[in-house]
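Reader: I would like a close look at one part of this model. Start there, then work outward to whatever surrounds it. Please state every cut-off you rely on.

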Amino acid sequence: MYRDEGVVLRTMPFAEADRVVTVLTRRNGRVRAVAKGVRRTSSRFGARLEPGTYVDLQLHEGRSLDTVTQADILGAYGATIAQEYARYTAAAVMLETAERLTSEERQPAFRLFLLLVGGLRTLAAGERTPSLVLDAFLLRSLTVSGYGMALDECALCGEPGPHHSLSVASGGVVCPECRPRGAVSTSPAAVRLLADLLHGDWDGAEAAGVRTRREAGGVVAAYLQWHLERALRALPHLERT
């Protein structure tokens, strides 16, 4: 028996009345566990194990799947976020990304866990533009997972910027001398917005125009899917503003 905090990433039906829940935990990384009887209306903690919910769990370790024996809500972010489509789709991409970046079960991912909790809390508060919250989360999550995007210097030679060509395959912005085939030109405003989101300059990020936000969001989506090596299911449904 063990106890841990976690964010529910995904659920799926199991047997007649059970669910398998995938949780990113604080200390144990990504864990899959059976929540018995939660699909029954009489379940004592079924509503506590919905995607996007931050919970305190007690689990019993099993051979392939653990078993949830107790669940207490620490933050009902999912229910609040679901009230607005833009926030809901942003959260869906965040949850799927967190699952994909933790490719191995039970491998601690403490920094990613903190980023996910902070991102969901910010979305639920409704004080930031959802697309900006998402892009900030994605950029920082990629960084802590070892796939950081170079934005301040050339990704290939380290020449200080600003540079306005970007190569997803090379790892970020590139200088004119290193620019490989397939690199794309990006506006100075989009590169600056990406840097603001990565470094947490929200005043600068919120001042960016809609066109710049969409350009930067496209760069982040392409960079993310390149490193994940396949498309995210939630991404086509994302509402960007």
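Author: A hairpin joins strand E4 to strand E5, and five residues make the connection. Strand E4 covers 54–60. Strand E5 covers residues 66–75. Strand and helix labels come from DSSP runs numbered from the N terminus: a helix is H or I over at least four residues, a strand is E over at least two. E4 and E5 run antiparallel, with seven bridges between them. Two strands count as paired if DSSP finds at least two bridges between them. One of the bridge pairs sets Asp56 against Asp72 in E5.

A word on the source. This is a predicted model, in which local features need pLDDT of at least 70 and side-chain atom pairs count only at pLDDT 80 or more, while totals for chains, interfaces and linings use all residues. Residues are numbered from 1 along each chain as its sequence is written, and side-chain values use heavy atoms, leaving out hydrogens and water. The protein chain has a mean pLDDT of 94, and 99% of its residues reach 70 or more. That score is the predictor's confidence in each residue, on a scale from 0 to 100. Among the elements of the chain, helix H1 (residues 77–81) has the lowest mean, 94, and helix H3 (residues 110–125) the highest, 98.

Now the setting of the hairpin. E4 and E5 belong to a barrel that five strands close in the order E1-E2-E3-E5-E4, with mixed pairing. From one strand to the next, the twist averages 50 degrees. Angles here run from 0 to 180 degrees between N-to-C directions, and axes are lines fitted to C-alpha atoms, taken for helices over the stretch in contact.

E5 also meets E3. That pair runs parallel and has two bridges. Ala33 has Asp66 in E5 as its bridge partner. Elsewhere in the barrel, E1 (residues 2–14) and E2 (residues 18–25) are antiparallel over eight bridges. Val8 faces Val23 of E2. The loop between E1 and E2 holds Ala15. Its phi is near 55 degrees, a positive value in a residue other than glycine. Most residues other than glycine have a negative phi, and most peptide bonds are trans.

Two helices lie over the strands. H3 lies across E1, E2 and E4, at about 70 degrees to E1. H2 (residues 85–101) lies across E1, E2 and E3 (29–35), at about 110 degrees to E1. The axes of H2 and H3 come within 10 Å and cross at roughly 175 degrees. The two helices are therefore roughly antiparallel to each other. H2 brings Arg87, Ala90, Ala91, Met94, Leu95, Ala98 and Leu101 to the contact, and H3 brings Leu112, Leu116, Gly119, Leu120, Leu123, Ala124 and Ala125. Contact means heavy atoms within 4.5 Å. These residues divide into 12 nonpolar, one polar and one charged. Ala, Val, Leu, Ile, Met, Phe, Trp, Tyr, Cys and Pro count as nonpolar; Asp, Glu, Lys and Arg as charged; the others, Gly among them, as polar.

Next, helix H4. H4 (residues 130–144) packs with H5 (residues 188–199) at about 70 degrees, and their axes are 8 Å apart. That makes H4 roughly perpendicular to H5. The angle classes are: under 35 degrees roughly parallel, over 145 roughly antiparallel, 65 to 115 roughly perpendicular, the rest oblique. H4 packs with H7 (residues 210–228) at about 35 degrees, axes 10 Å apart. Leu132, Asp135, Leu138, Leu139 and Leu142 of H4 meet Arg213, Gly217, Val220, Tyr223 and Leu224 of H7. That contact has seven nonpolar, one polar and two charged residues.

Last, a second sheet. Three strands form an open sheet in the order E7-E6-E8, with antiparallel pairing. E7 (172–174) and E8 (184–185) stand at the edges with a single partner strand each, so one side of each has no neighbour in the sheet. E6 (residues 165–167) joins E8 through two antiparallel bridges. Ser165 stands opposite Ser185 in E8. The loop between H4 and E6 contains Pro162. A cis peptide bond joins Gly161 to Pro162, with omega at about 10 degrees.
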